[in-house]
Amino acid sequence: MRARVLAALAAPESRKWWTLLALTFSLFMVMLDNTVVNVALPSIQRDLAIGISELEWVVNAYALTFAVFMLTGGKLADFLGRRRVFMAGLAVFTGASLVCGLAGSAALLIAFRAVQGMGSALMMPATLSIISATFPPRQRGAALGTWAGVSAMALALGPLVGGLLTEHIHWSWIFFINVPIGVLALAGSLVVVPESRDTSSEQRLDIPGLLSSGLGLLALTFALIEANRYGWTSTPILALFALSALSLALFLALERHQRLPMLDLGLFRNGTFAGANAVAFMVSLAMFGVFFFLSLYMQNILRYSAVEAGATFLPMTLLIILVAPVAGRLCDRHGSRWLMAGGMALVGVSLLVFAQLDQRSGFWSILPGLILGGVGMALTMSPTTAAALSAVPVDKAGVGAGALNTARQVGGALGIAVMGAVFASYVHVGPGDPEFPVQFVSGLHRAMLVAAAIAF
């Protein structure tokens with residue numbers, strides 16, 4: 001009997017689900033790092049004596065390098081081997097997490113948050129391309145629905161996990177906890193994740209494309225985050241915007257004319273792929289800043305503890321867990337378009353609800369926005385991923401996954417930067433000043449309204 005059970009578990013049909021389990025286990029840790037830091041920000045600010053722009057960099061250093069190196073990660077996965085690149089990224093991420101936990105200064109923390117992002121950029125596209133290469137089309141939507149559900153669940157659980165660790169141990173443990181998880185994930189992946197690569201054509205790294213896209217995104221994000229400190233019309237900020245525009249234009253020109261580009265712009269001639277990337281960019285642009293600013297709002301204005309602030313996000317978490325796999329199966333049967341449109345509409349409405357919060361609001365005022373946002377994110381993420389990957393050949397799955405996740409991460413980084421710029425234009429005093437609550441709420445309202453306009 002035991003032999004039959006072991007044989008069944010080792011059968012090819014079962015092995016692919018073990019592969020999915022190993023990938024989602026690692027994915028959970030990586031995506032958790034997008035939001036686990038948010039409720040720890042007040043504690044980090046006190047311990048390291050840093051301001052709001054440096055807090056934004058603690059979050060955005062990760063999101064930005066994640067975005068910048070994502071396409072390179074996808075390309076490397078396709079021609080060096082998807083499991084090999086996935087495990088290399090996992091090792092980098094785990095090591096950087098250890099240094100982040102030990103960091104005693106803002107500079108060191110921000111620097112190794114950036115290294116964490118590089119590790120994640122190697123891992124993320126590899127997980128999607130491994131799934132595409134492992135599962136047949138009839139099961140791919142369900143597998144990607146699970147992937148998207150775990151990803152969204154980690155984003156939503158991040159605040160609770162961060163709150164528990166920050167309040168009961170220390171904020172450094174939001175990074176230390178990644179170390180044993182990363183070691184276990186490396187061991188499991190070595191056993192159950194199959195190796196695959198693109199053998200269809202010559203491959204090489206696109207260094208000019210990487211440098212030009214990275215410089216353009218870094219300049220744009222830096223300008224948005226620091227504009228209120230230096231002034232929107234100051235020479236440094238205008239120069240950064242110009243540098244960003246020139247670098248990104250150069251990137252597009254390079255990719256259009258290179259024989260083996262990092263990003264095959266021809267993929268975007270497919271309307272399904274282009275639309276899925278646009279939706280991924282917009283929903284991240286609208287929603288990533290929500291976790292950042294709601295966490296600060298609940299702790300600085302409503303005086304919630306770190307655990308209370310994290311627990312407040314639980315309704316969103318539960319809905320994402322329940323709805324995302326269902327959305328994946330519905331996508332297999334009925335297509336993705338109406339699910340993505342409905343999800344974006346719900347996200348927009350949730351942001352309008354958040355824009356009504358004030359100094360006297362409580363959990364019951366926040367709850368409707370969390371419910372709408374949770375369902376909206378779940379309905380959007382699974383179909384977006386399935387639509388994008390169904391539109392590219394399996395041997396280009398790494399590049400397709402890299403493009404999709406670049407859109408997500410760029411949207412997230414820019415969302416925090418844009419909402420932060422709007423917010424900072426209304427907040428001119430620190431948390432101890434009597435005017436701070438009024439200014440904070442005004443800034444929060446405007447930021448949420450901008451995000452809602454993006455979602456709609």
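1. A patch here is made of residues with over 30% relative accessible area and no salt bridge, with nonpolar side chains joined within 5 Å. The model is predicted. Val349, Leu352, Leu449 and Phe456 make one such nonpolar patch on the surface, of about 350 Å².

2. Take Phe456 from that patch. This residue sits in the segment after α19 (436–455). Is Phe456 buried or exposed? Exposed means over 50% relative accessible area. Phe456 has 57% relative accessibility, so it counts as exposed.

3. Now the whole chain. Its secondary structure comprises 19 helices and 0 strands. The chain has 456 residues, and 59% of them count as buried. The exposed area is about 17200 Å². Carbon and sulfur atoms supply 69% of that area.

4. Next, contacts along the sequence. Consider those between residues at least 6 apart in sequence. Of these contacts, 83% join residues at least 24 apart.

5. Then the interior space. Rolling a probe the size of a water molecule over the atoms shows where empty space is left. How many cavities of 30 Å³ or more does a search of the whole structure find? The search finds 3. The largest cavity has a volume of about 90 Å³.

6. What lines the largest cavity? The lining consists of Met31, Leu155, Val283, Ser284, Met287, Phe288, Met377, Met381 and Arg408. Two helices, α13 (271–300) and α17 (363–390), each supply at least two residues of this lining. The largest share comes from α13, with 4 residues.

Definitions and conventions: Residues are numbered from 1 along each chain as its sequence is written. This is a predicted model: local features need pLDDT of at least 70, side-chain atom pairs count only at pLDDT 80 or more; totals for chains, interfaces and linings use all residues. Side-chain values use heavy atoms; hydrogens and water are left out. Patches are made of residues with over 30% relative accessible area and no salt bridge: like charges are joined within 9 Å, nonpolar side chains (Val, Leu, Ile, Met, Phe, Trp, Tyr) within 5 Å. Accessible areas come from the Shrake-Rupley method with a 1.4 Å probe; for residues, only the protein chains shown count as cover. A salt bridge is a side-chain nitrogen of Lys or Arg within 4 Å of a carboxyl oxygen of Asp or Glu. Buried means under 20% relative accessible area, exposed over 50%, partly exposed in between (1.4 Å probe, protein chains only). Contact means heavy atoms within 4.5 Å. On a 1 Å grid over the protein atoms alone, a cavity is a set of points where a 1.4 Å probe fits but cannot get out, and a pocket is an open set with protein on both sides within 12 Å along at least five of seven lines; lining residues have an atom within 4 Å of a point. Grid points are joined across faces, edges and corners, and a volume is the space filled by probe spheres set on the points.
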